[in-house]
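Trainee: I have a chain to go through. Can we take it in short questions and answers?

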Amino acid sequence: MNNIAHIFLMFLHKFKVAFYYLVVAKLPHSRLFPPASRLRQWYVSKVLKIMDRPTHMTRFEPNVYIGNARHVKIGSGCQINENVFIQGGYIGNDVLIAPNVAILSTAHIHDRIDLPIVMQGNTDPAPPVIEDGAWIARNAVIMPGLRVGAGAIVAAGAIVVKDVPPYMIVGGVPARVIKSRKVDENQR
């Protein structure tokens with residue numbers, strides 16, 4: 001691809017992302033205007049191409065931050081509530097993400113004490129992976145490079161600093177396993 005075409009494609013991508021933030025992300029909540037969620041779903045799946053085909057269960061509410069949309073992939077059937085911050089991440093199918101969740105893909109470098117942290121830069125992007133059927137509750141934080149297993153639940157306010165095994169419930173700061181969602185056959 002020649003240089004002019006590459007510059008044009010970069011500009012076009014930035015324009016699409018800017019339109020998302022200026023218009024699409026500001027549409028009302030689906031409780032007030034149900035077509036707004038469907039319009040946001042259409043835009044992020046067809047225009048930005050970061051979401052798989054939406055289903056009847058899919059919700060995409062207002063003010064969802066998606067960074068520059070380069071390190072974000074969202075599966076089908078997800079429900080993403082308002083004010084979610086997705087710096088980067090690969091989100092599986094049928095994932096629930098409550099309001100005010102932060103999914104981080106970079107962090108500040110802070111190794112040197114002779115240099116202010118603000119001058120040390122950021123880590124390379126390491127988008128977290130959230131597997132199918134997980135639920136990330138309100139105000140939880142998922143740190144860079146982690147994996148939240150299939151069917152796992154991250155409790156409200158938890159800060160996840162290590163991988164969450166499938167079907168585990170974690171909570172706290174830092175998040176720790178509370179219990180398994182799997183039922184022992186003897187308990188049935």
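Mentor: Start with a definition: strands are DSSP runs of E with at least two residues, numbered from the N terminus. Keep in mind that this is a predicted model.

Trainee: Where does Thr-106 lie?
Mentor: Strand S8 spans 129-130. Thr-106 belongs to no strand here; its place is the loop between S7 and S8.

Trainee: Is Thr-106 buried or exposed?
Mentor: Buried means under 20% relative accessible area. Thr-106 has 19%, so the residue counts as buried.

Trainee: Which residues is Thr-106 in contact with, leaving aside neighbours within four places in sequence?
Mentor: Contact here means heavy atoms within 4.5 Å. With those neighbours left out, Thr-106 touches Gln-87, Thr-123, Asp-124, Pro-125 and Pro-144.

Trainee: How many helices and strands does the chain have?
Mentor: Helices need at least four residues and strands at least two. The secondary structure comes to two helices and 15 strands.

Trainee: What is the strand order of the open sheet of four strands?
Mentor: The pairing in this open sheet is parallel. The order is S4-S7-S10-S13.

Trainee: Why is one side of S4 and of S13 left without a neighbour in the sheet?
Mentor: Strand S4 covers 85-86 and strand S13 covers 159-160. Both stand at the edges, so the reason is that each has a single partner strand.

Trainee: Which residue in S7 stands opposite Phe-85?
Mentor: S4 and S7 (residues 102-103) run parallel and are joined by two bridges. Opposite Phe-85 stands Ala-102.

Trainee: How many aromatic pairs are there?
Mentor: Ring centres must lie within 6.5 Å to pair. By this rule the count is five.

Trainee: Why is the pair of Phe-19 and Tyr-43 classed as it is?
Mentor: The ring centres are 5.7 Å apart and the planes stand at 40°. Planes under 30 degrees apart count as stacked and those over 60 as edge-to-face. The angle of 40° fits neither class, so the pair is tilted.

Trainee: How many residues apart are Phe-19 and Tyr-43?
Mentor: Phe-19 sits in helix H1 (residues 3-22). Tyr-43 sits in helix H2 (residues 35-47). The pair links distant parts of the chain, and the separation is 24 residues.

Trainee: Is Tyr-43 buried or exposed?
Mentor: Phe-19 is partly exposed at 35% relative accessible area. For Tyr-43 the value is 6%, so the residue counts as buried.

Trainee: What about Tyr-20 and Tyr-21: is the pair stacked or edge-to-face?
Mentor: The ring centres lie 5.1 Å apart. The planes stand at 70°, so the pair is edge-to-face.

Trainee: What is the relative accessible area of Tyr-20?
Mentor: Tyr-21 is partly exposed, at 25%. Tyr-20 is buried, and its value is 0%.

Trainee: Which residues form one aromatic cluster with Tyr-20 and Tyr-21?
Mentor: The cluster includes Tyr-20 and Tyr-21. Its other members are Tyr-65 and Phe-85.

Trainee: What accessible area does the nonpolar patch have together?
Mentor: The patch is made of Phe-11, Phe-15, Phe-19, Leu-22 and Val-23. Val-23 lies in the loop between H1 and H2 and is partly exposed at 37%. Together the patch residues have about 530 Å².

Trainee: Which peptide bond is cis?
Mentor: Look at the loop between strand S14 (168-171) and strand S15 (176-180), where Pro-174 is found. Omega is near -10° for the bond from Val-173 to Pro-174.

Trainee: Is Lys-49 buried or exposed?
Mentor: Lys-49 has a positive phi of about 60° although it is not a glycine. Its place is the loop between H2 and strand S1 (59-60). Relative accessibility is 58%, so Lys-49 counts as exposed.

Trainee: What is the phi of Asp-94?
Mentor: Asp-94 lies in the loop between strand S5 (89-91) and strand S6 (96-97). At 48% relative accessibility, Asp-94 is partly exposed. The residue is not a glycine, yet its phi is positive, at about 55°.

Trainee: What share of the 188 residues counts as buried?
Mentor: The cut-off is under 20% relative accessible area. Of the 188 residues, the buried share is 40%.

Notes
Residues numbered from 1 in each chain as written. Predicted model: local features only at pLDDT ≥ 70, side-chain atom pairs only at ≥ 80, totals over all residues. Heavy atoms only, no water. Phe/Tyr/Trp six-rings, centres within 6.5 Å; stacked < 30°, edge-to-face > 60°. Buried < 20%, exposed > 50% of the residue type's maximum accessible area, 1.4 Å probe, protein only. Pairing = 2+ DSSP bridges. Patch = residues over 30% accessible without salt bridge, like charges linked within 9 Å, V, L, I, M, F, W, Y side chains within 5 Å. Areas by Shrake-Rupley, 256 points an atom, 1.4 Å probe, with all protein chains shown as cover. Salt bridge = Lys/Arg side-chain N within 4 Å of Asp/Glu carboxyl O.
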